[in-house]
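Work through the following exercises with the model open beside the text, and try each task before reading its solution.

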Amino acid sequence: MKWKKLVALASAAVLSAALFTGCGGQQQAATSSSGSGSGAGDKIVVGLDDNFPPMGFKDENNEIVGFDIDLAKEATKRLGRDVEFKAIDWSSKEAELKSGRVNVLWNGLDITDKRKENMLFSDPYMDNRQIIFVKKGATGITDEQSLAGKAVGTQSASTAEEYIDGSDFFKTKVKEVKKYSDFVSAFMDLENGRIDAVIGDEIVGRYYMSKHPDSIDAVDVAVGPVSQFGIAFAKDNQKLRDDVQKVLDEMVKDGTVAKISEKWFGKDITLKK
């Protein structure tokens, strides 16, 4: 499921901080830490791309904030566990999880059959589409087929990249596919005219649009199948997966998840069971 040039996001982060106040206080210092993160009282290390607003990103104070951050803070609080948010190379996320350097991937991660081969997932908590973003005022790009002959950008190791890599259309008809370490870099190139379009997560892209209303537009057509976000755990960490799922279900039932969604998106866009 991403976005590392802090300077590029500085103005956006300041505006975001003005609009939203963080929920969840500072965590107490961890009393212990384990590679599995499965024991009560152990610190849970959450791996994320820290440049992926609004799911997880650094604000003007260099603090990691976001929708998924607030969910994780509340969930670990209910578990009686300390939490650490660790920025990782998103293209190496499966290796980070398998090695135990992080216990959880909680950062707008799409559930896919390929990822299920190497990770355990929570139940899905939000739908996500991949859509096309263009420079404000651009014409001629109305759907996937209209990208023929164009230069298209996306993030490496993202769901959009997986779809693009498996598509004959993008291999044979698209002029160029440029892959970036994060979506912020892709949008910067789009704004500067270096590429014609970006394909990426609708939730993330629309959040970026809200901070750059005069430079980016969305083409409201899904590219590829609609996916769902989930929380990922190591294959051998069923207990942690079940513990987190239990408190997440409680948070849905008591309205906490809806409240956090309203804070970041203006309405509750999460999935209900």
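Which residue in S4 does Asn 51 stand opposite?

**Solution.** The model is predicted, so to speak: local features need pLDDT of at least 70 and side-chain atom pairs pLDDT 80 or more, while totals for chains, interfaces and linings use all residues. Residues are numbered from 1 along each chain as its sequence is written, and side-chain values use heavy atoms, without hydrogens and water.Asn 51 stands opposite Phe 57 in S4. Strands here are DSSP runs of E with at least two residues, and helices are runs of H or I with at least four, both numbered from the N terminus. S3 and strand S4 (residues 56–58) pair in the antiparallel sense over two bridges, where pairing requires that DSSP finds at least two bridges between the strands.

**Exercise 2.** Place these strands in their sheet and identify its edges.

**Solution.** The open sheet has three strands in the order S3-S4-S5, with antiparallel pairing. Its edge strands are S3 (51–52) and S5 (64–65), each of which pairs on one side only.

**Exercise 3.** Compare the expected span of helix H9 with the distance between its end C-alpha atoms.

**Solution.** The expected span is 1.5 Å times one less than the number of residues. For the 16 residues of H9 (residues 238–253) this gives 22 Å, and the end C-alpha atoms are 22 Å apart, which agrees. Just after H9, Gly 255 takes a positive phi of about 90°.

**Exercise 4.** Is Ala 95 buried, partly exposed or exposed?

**Solution.** Ala 95 is found in helix H3 (residues 93–99). Buried means under 20% relative accessible area, exposed over 50%, and partly exposed in between, with a 1.4 Å probe and protein chains only. Ala 95 counts as partly exposed because its relative accessibility is 41%.
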